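Welcome, and thanks for taking a look at this one with me. Below are some numbered notes to help you find your way around.

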Amino acid sequence: MPPKRRTAGTPSREQKSGSRKSSSPDTKHSSVVTPEKHEEKDPEFITLCKDLLVTNLVCDNAWAIWESVAKSAKKVNGSNKPLWGACIFISAVDLEDMCFTFTELQKAVGLSLKQFFNLVRKMDENVDTISPKVNSAVTKLEKKYEVSLALYQRFVKTCAKIYSPPDEAKKQELLQSSWIMFLLAKGTVLQMEDDLVIAFQLLLCVLEFCTKRCPSTLLQPLYRSAISTTAQSPPTRTSRRSKAKPRPPEVDMQLLETLCKESDCSMDEVKNVYQSSFCAFLDSMNLAGSRELPSQAFVDTFSEEYEKLYHKNKDFDARLFLVDDETLSLGKVDSPPVEITPRKNQSGEESVPIPPQTPIRAAMYSIQQLRGELTSASDQPSGNLIVYFKNCTVDPSEEITKRVEQLRQVFCQKFAEAVGQRCEGLGKERFTLGVQLYYKVMESMLKSEEKRLSVQNFSKLLNNATFHTSLLACALEVVMATYVGNSLKNGNENGNETDLCFPWILDIFQLYAFDFYKVIESFIKAEPTLKHNMIEHLGRCEQQIMESIAWKADSPLFELLRQSREEGHGEQAESPANLNQPLQHNHTAADLYLSPLRPSRRVPAAEVDTTAVPSVQAPVAGTKQHRSNSLSLFYKKLYRMAYLRLKMLFSHLLTSHPELEHIIWTLLQHTLQNEYELMKDRHLDQLMMCAMYAICKVKNVDLRFKTIVTAYKELPNTNQEIFKHVLIREGQYDSIIVFYNLVFMQKLKTNILQYSSPRPPPLSPIPHIPRSPYKYPSSPLRVPGGNVYISPLKSSRMTPSAMTPRSRILVSIGESFGTSDKFQKINQMVSSTDWSLKRRLEGDSTPKPLKRLRFDVDGQDEADGSKSSGESTLIQKLTEMSSARSRMQEQKLKEEAEKEDPEP
């Protein structure tokens, strides 16, 4: 690619290098790498270190990393230089000694940002190559790049609608002044620069500022007419000569409304950003009273100030978007545009696809939908809710109002700390939306409970502070996920403190994850307007709670488990005998929060005095308490989730040993039931991987931990910290291998060895796996190539215990098949499944019998492939149906022929 013409305000490499040296006084130049100390290293590597001004310590550490990966790493574009650059980056991040910016590193090794990230991740073949600190830095940079790229792409499109420049030079001048001004404002105003929505709202503020100061001859007709006359009039001579302090800039409401309308953005929120944050930025740059476009001198000042921020943050130079620099190029393999769930047409027969959406358009669309659903809702209790409150034995109205106000203050304060101190107003707006949803869902829940129980006195529930805090937190999580994006902190305990993703809302409200989980399912059922992606998001929140967050050391879950164990074997959290039964329950939020009642330790202001509620009595000593519904349901879901994850990992590693799956599951289930203390401050997947390794070890199957974690990284929703940062003992963390040797094996050694004895322990039942309750009902899956559908078995004459999960399917046959020869296609389609396809890909052109999967009446999986010459019972049944249908058709034809030609 030929070099791009550099415009003013975008510094050259020499200028940036000089700026780096002058603006980084803390750089340890005295210890910058010296060649004589590194004679054993490659000279080109030392030259690269000198160019990047790295220290001797970073150089030595980077070379050690290179030596550990050199044998397996492949050259990039015929050179080791990119690999060396990755080693230097890893070393500098780990040692917290970054003497270069990310763009300078990219320029030195000749890679785009995306190419560099892919290279770093490919180098992570060794478990210890990439530390959690490096992974966090890469993830943060990558997210910031994606947000910046989306903003720049929208910026260019919006400017094309605003401006009508006479030539390319004027166009670049307008783009440059606006974009650099925005970058500086974003870096100054926002602490969390990867918040796409707030950053975009700030961009609209910048465009409003520049557009109303632009000569009308350079504007498109729409925006020329949108600017009010007062904004276009030049300052008078008196005002120019006046030395009085300039008044704050006034927002051109008509122009701002046009910008927001064209961008599907809330004008109230943009106006809030303008008045609370952007005005302060303008004042700091002495632009508050300006009525003209920033001069070139101001643009140069913007660029210099941004240069300081860029070097301070050590990240990429976003000004280079303006010159289409290769370091920020999109590349050929980038993530596709965000797609929104298709809508159904009026007939409901086919889906009408919505065109692919850009990240900003998708975010604005989701926010618009949420605000639209809450248009008629209020941030105060409705008349119906007030009636419910008054029907209580103890009126909860005052406590509810007081609690909401207390949590409002907490939320707004923490939001401002995370995003920026001047963004507290935005936090208030989002909290208000959450309160509207909170009251709306509460009313829906109470109506359902009234219908179910035929009562109107919900004093116990409505005076339960944990319920209210959880319900409000769930409503706010929906709002935050809509704005921030429905992502989670994937087990990253050392993640960015300003991250607003789940479980941020639990942390700021000091709410136990186990208490929060109780409301999720009822919340989804009570709010039918929740969008599909938000239902899935809450489902992932529940999954993350079950796999790790609910197992923190101070969680009430452990107290409930202790009580369950003391009550005896018959009162377990969830009996293994019920695992193969469908997950059916009618527990509502009321059942889960009131069974059993217990004092809360983390919501002091919210818990009501039990003496104020006559119907609540403390348990009498010596009497047997009922098992906790919340604990029982938690374990039912936990077992099913654990088995699904185990099965997924198993399919990547041990398909040649199918008999081990059931044994591994038995060990994992035993651990969760009887050795649940191992889950304290740990992750479910850690126990799963240890159980798999232990059984393979005792069964003499060669499977190494490195192989397990390599396959584990390919699973969805995983994080490398799960196997690199495992609690060994209090305050001490190490890899999962150390955890296995020092903790897991020591605790379960006796149980593990039993599986190698002639009389191993009985196997635990395989959990019944239902369709997720958080997804829309799906139609039967169509087998490609014909009118055959496979769907979950809803009812069967066989008992659930007589079936395995593999046999829980049925074949639904279309109504109009035509001639009987179509059944031959069914046989072909069913036999040519993924299993036979996999064998063909491995080089065997002749399909072999499916030895590991049979659909027989008893539901047992055949392993020897000896029955029916390799044909399954399902194929036999279909063949019988084909013969019966043929006979029926022949009989029908014969009868019709007899009618047409009756015997004399």
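1. A definition to start with: a polar contact is a pair of N or O atoms within 3.5 Å, and within protein one of them must be able to donate a hydrogen and the other to accept it. Keep in mind, too, that this is a predicted model. With that in hand, look at Asn464, which caps the N-terminal end of helix α21: one of its side-chain oxygens is placed 3.1 Å from the backbone nitrogen of Thr466.

2. Stay with α21 for a moment. The helix covers residues 465-484, and its 20 residues reach 27 Å from first C-alpha to last, close to the 28 Å expected at 1.5 Å a residue. It is mostly covered, with 19 of the 20 residues buried. After the helix comes Gly485, with a positive phi near 110 degrees.

3. Now step back to the whole protein. You will find 35 helices and 7 strands, and 49% of the 904 residues count as buried. Of the contacts between residues at least 6 apart in sequence, 75% join residues at least 24 apart.

4. Helix α3 (residues 56-69) is another good place to pause. Its 14 residues should span 20 Å at 1.5 Å a residue, and the end C-alpha atoms are indeed 20 Å apart. The buried residues of α3 include Trp63 and Trp66, along with Cys59 and Ala62. Among the elements covering the buried residues are α2 and α4 (81-94).

5. Next, a buried charge. Glu547 belongs to helix α24 (residues 532-547). What is the nearest side chain of opposite charge to Glu547? It is Arg645, 4.3 Å away, and Glu547 is buried without a salt bridge. The cut-off for a salt bridge is 4 Å between a side-chain nitrogen of Lys or Arg and a carboxyl oxygen of Asp or Glu, so a separation of 4.3 Å does not qualify. Beyond its sequence neighbours within four places, Glu547 also touches Met641, Met679, Arg682, His683 and Leu684, among others.

6. Let us look at the partner from the other side. Arg645 sits in helix α27 (residues 629-653) and is buried as well, at 6% relative accessibility. Leaving aside neighbours within four places in sequence, its contacts include Gln543, Glu547, Asp685 and Tyr712.

7. A word on the cysteines. How many disulfides does a search of the whole structure find? The count is 0. Cys210, for instance, is in no disulfide, and the nearest cysteine sulfur, that of Cys159, is 8.4 Å away. Cys210 is buried, at 1% relative accessibility; Cys99 is buried too, at 4%.

8. Some backbone details deserve a second look. Most residues other than glycine have a negative phi, and most peptide bonds are trans. Against that background, the peptide bond from Phe502 to Pro503 is cis, with omega near 10 degrees, and Pro503 lies in the loop between α21 and α22 (504-509). Asp324 has a positive phi near 50 degrees; this residue is in the loop between α15 (296-313) and β1 (343-344) and is partly exposed at 46%. Asp681 likewise has a positive phi, near 60 degrees, in the loop between α28 (659-674) and α29 (684-698), and is partly exposed at 35%.

9. One last stop is Thr34, in the loop between α1 (13-23) and α2 (43-51). Is Thr34 buried or partly exposed? With a relative accessible area of 22%, Thr34 is partly exposed, because buried means under 20%. Its C-alpha is 9.3 Å from that of Cys49, 15 residues apart along the chain.

Technical notes. Residues are numbered from 1 along each chain as its sequence is written. This is a predicted model: local features need pLDDT of at least 70, side-chain atom pairs count only at pLDDT 80 or more; totals for chains, interfaces and linings use all residues. Side-chain values use heavy atoms; hydrogens and water are left out. Helices (H or I, at least four residues) and strands (E, at least two) are DSSP runs, numbered from the N terminus. The expected span of a helix is 1.5 Å times one less than its number of residues. Buried means under 20% relative accessible area, exposed over 50%, partly exposed in between (1.4 Å probe, protein chains only). Lys and Arg count as positive and Asp and Glu as negative; His and the chain ends are not counted. Contact means heavy atoms within 4.5 Å. A disulfide is a pair of cysteine sulfur atoms within 2.5 Å.
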